[in-house]
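Thank you for passing this entry along for comment. My remarks follow as numbered points, with the side-chain contacts taken in turn.

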Amino acid sequence: MEFLWEGLLSITWQQVVMYVVGGILIWLAIQKEYEPALLLPMGFGAILVNLPASGVIDQMTQGVGQTHGIIQWLFENGIEISEAFPLLLFIGIGAMIDFGPLLSNPKMFLFGAAAQFGIFLTILLAATIGFDIRDAASAGIIGAADGPTAILVSQVLRSNYVGAIAVAAYSYMALVPIIQPFAIKLVTTEKERAIEMPYHPEKVSRGMRILFPILVSVIAGLVAPASVALVGCLMFGNLIRECGVLSRLSETAQNELANLITLLLGLSISFSMRADQFVRPETLLILGLGLFAFVFDTIGGVLFAKVLNLFCKEKVNPMIGAAGISAFPMSARVVEKMGVQANNQNHLLMHAVGANVSGQIASVVAGGIILGFFM
């Protein structure tokens, strides 16, 4: 009883805040089903790492000396030293993606590129208000709506806000159905949202599907060498899917590998959510900058589509530009839903999916460009 009382007295108010943060993440994962595979282990881990003298981080073991607890060990070996967890997760993500809608309508590549506008705008804003340029770059990449990329970039750049960036990236990904409709409606009219886009898919050969991930890896490596690890793992996962001779490995990558790495990644990131690092005013600024980046990525994609319509005979529904972010397939579903609301004959899903998978590629290339500039 005495040890329990001493433990309670040693808890700081900052640690209490982190217990609340952890509880909120667990509630969002279970009650709202927002990215539960990641938010639940992050929330539970945030509680564990903030217990007094917690055994999941550095501890003194009698007869052995100082040892690393399990969460600190996972963080150092899976993220800090090798960046293995985010990269392995990209293999699983790549195995899940069908690039067919993009290959049958290559102009969707443009929307993936345009929807990264908010990232670079946020970097400028964060640097202007006083953040170190590496922290500013790490905050900007939240706008990619790609959790593994955000974690990898912030860790490689040695940002002081890895935990806040991870929480923001995955929280905003989960909130796509709330954030994106608001941002889209800010810059479109009902008439624009009702624009119909007939879908006429072109057959994509098996050879093209196999060649595509190889070409993307080579081109990305030449344009942004720092993106090779990111793009290469994503495209390798897709090559496993499309080659047709590794179906069991493809299924393993999509399911067991992706699920296991997501679980370990969530626990690992909680090491950066210790109260002394997380509970500070800058954390709120990082969360705000991440939201700014996310909103302006969406707006940038929409505005690009509207500019493109000035020169196109066949009009593009501007909402397709919003699907150019990396949050797959949530963003494509949002565009489809809003299109039907504006015009019940307006089905934009396949166009939006093409832009959405383009955003997957564009976000990791953007991450590589940022690493190339600021490493």
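1. In this predicted model, Ser 363 is placed in helix 21, which spans residues 349–374. Its relative accessibility of 0% means that Ser 363 counts as buried. Setting aside residues up to four places away in sequence, Ser 363 touches Gln 116, Ile 141, Ala 144, Asp 146, Thr 149 and Ser 326.

2. One of those partners, Gln 116, deserves its own remark. Gln 116 belongs to the loop between helix 7 and helix 8 (117–128) and is buried, its relative accessible area being 4%. With residues up to four places away again left out, Gln 116 touches Ala 144, Asp 297, Gly 324, Gly 359, Ala 362, Ser 363 and Ala 366.

3. On the nonpolar interior, the largest core has 113 residues, of which Met 42, Phe 99, Leu 265, Met 273 and Ile 320 touch the most other members. For Met 42, the contacts beyond its neighbours within four places in sequence are Leu 25, Ala 166, Val 167, Gly 266, Ile 269, Ser 270 and Met 273.

4. How many aromatic pairs does a search of the whole structure find? The search returns seven. Among them, Phe 99 and Phe 212 form a tilted pair, at 5.1 Å centre to centre and with 55° between the planes. Because Phe 99 lies in the loop between helix 5 (84–96) and helix 6 (100–103), whereas Phe 212 lies in helix 14 (residues 206–223), this pair ties together parts that are 113 residues apart in sequence. Both partners are buried, with relative accessibility of 2% for Phe 99 and 7% for Phe 212. The pair of Phe 111 and Phe 304 is edge-to-face, since the ring centres are 5.8 Å apart and the planes stand at 80°. Here too the pair ties together parts distant in sequence, 193 residues apart, because Phe 111 lies in helix 7 (residues 108–114) and Phe 304 in helix 18 (residues 281–309). Phe 111 is buried at 0% relative accessible area, while Phe 304 is partly exposed at 27%.

5. Two further ring arrangements should be noted. Phe 99, Phe 109 and Phe 212 are linked by ring pairs into a cluster. Separately, the charged end of Arg 274 sits over the ring of Phe 271, at 3.9 Å from the ring centre.

6. The whole structure contains five salt bridges. In one of these, the side chains of Asp 98 and Arg 209 meet at 2.7 Å, N to O, which links the loop between helix 5 and helix 6, where Asp 98 lies, to Arg 209 in helix 14, 111 residues apart. Both Asp 98, at 30% relative accessibility, and Arg 209, at 22% relative accessible area, are partly exposed. Arg 209 also forms a salt bridge with Glu 242, the closest N and O atoms being 3.4 Å apart; Glu 242 lies in helix 15 (residues 228–242), 33 residues from Arg 209, and is buried at 11% relative accessible area. Through shared partners, salt bridges join Asp 98, Arg 209, Arg 241 and Glu 242 into one network.

7. A local case is the salt bridge between Arg 193 and Glu 190, whose closest N and O atoms are 3.0 Å apart. The two are three residues apart in helix 13 (residues 190–193) and therefore separated by about one helical turn.

8. Finally, the count of disulfides is zero. Cys 243 is in no disulfide, and the nearest cysteine sulfur, that of Cys 233, is 16 Å away.

Note on methods:
Residues numbered from 1 in each chain as written. Predicted model: local features only at pLDDT ≥ 70, side-chain atom pairs only at ≥ 80, totals over all residues. Heavy atoms only, no water. Phe/Tyr/Trp six-rings, centres within 6.5 Å; stacked < 30°, edge-to-face > 60°. Helix = DSSP H or I, 4+ residues; strand = E, 2+ residues; numbered from the N terminus. Buried < 20%, exposed > 50% of the residue type's maximum accessible area, 1.4 Å probe, protein only. Lys NZ or Arg CZ within 6 Å of the ring centre and 35° of its normal. Contact = heavy atoms within 4.5 Å. Core = buried A, V, L, I, M, F, W, Y, C linked by side-chain atoms within 4.5 Å. Disulfide = S-S within 2.5 Å. Salt bridge = Lys/Arg side-chain N within 4 Å of Asp/Glu carboxyl O.
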